[in-house]
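Have your viewer ready, with the sequence panel open beside it. We will go from one selection to the next and say what is there at each stop.

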Amino acid sequence: MSCLHRLYRQKTDVSRKEQGRRGAACRWLGKCAAAAGLLMMVYGAYRGEVKVVMEKAVNICLECIGIG
């Protein structure tokens with residue numbers, strides 16, 4: 001259970017309808033965060049960052065096994 005979900009599900013004196021709104025807000029927040037992350041990945045690929053990240057990953061792996 002995520003931290004945000006726990007915060008929204010704390011025992012309070014609110015009606016069931018209010019709890020439903022909080023749950024919907026939590027789901028909406030998660031979907032927006034996922035969409036923002038996806039957009040950032042697409043933008044990074046558009047800028048050519050995939051090549052840079054791959055080169056760094058290869059260098060780190062080669063250093064770890066003692067070749068690079």
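Start by selecting Ile67: with a relative accessible area of 63%, Ile67 is exposed, because the cut-off for that class is over 50%. Keep in mind that this is a predicted model. Ile67 sits in the segment that comes after α3 (49-64).

Now add Met54, Val58, Leu62 and Ile65 to the selection and show the surface. Together with Ile67, these residues make a nonpolar surface patch of about 490 Å².

Next, colour the whole of α3. This helix has 16 residues and reaches 23 Å from its first C-alpha to its last, close to the 22 Å expected at 1.5 Å a residue. How many buried residues are there among its 16 residues? The count is 0, so α3 is hardly covered.

Move on to Gly66, which follows α3. Check its backbone angles: the phi of Gly66 is positive, near 90 degrees.

For the last stop, select Arg47 and Glu49 and show their side chains. Which residue forms a salt bridge with Arg47? The partner is Glu49, and the closest N and O atoms are 3.4 Å apart. Side chains of opposite charge can pair when their charged atoms come close. Arg47 counts as exposed, at 52% relative accessibility, while Glu49 counts as partly exposed, at 29%. A search of the whole structure finds 1 salt bridge.

How values were computed. Residues numbered from 1 in each chain as written. Predicted model: local features only at pLDDT ≥ 70, side-chain atom pairs only at ≥ 80, totals over all residues. Heavy atoms only, no water. Patch = residues over 30% accessible without salt bridge, like charges linked within 9 Å, V, L, I, M, F, W, Y side chains within 5 Å. Areas by Shrake-Rupley, 256 points an atom, 1.4 Å probe, with all protein chains shown as cover. Salt bridge = Lys/Arg side-chain N within 4 Å of Asp/Glu carboxyl O. Helix = DSSP H or I, 4+ residues; strand = E, 2+ residues; numbered from the N terminus. Buried < 20%, exposed > 50% of the residue type's maximum accessible area, 1.4 Å probe, protein only. Expected span 1.5 Å × (residues − 1).
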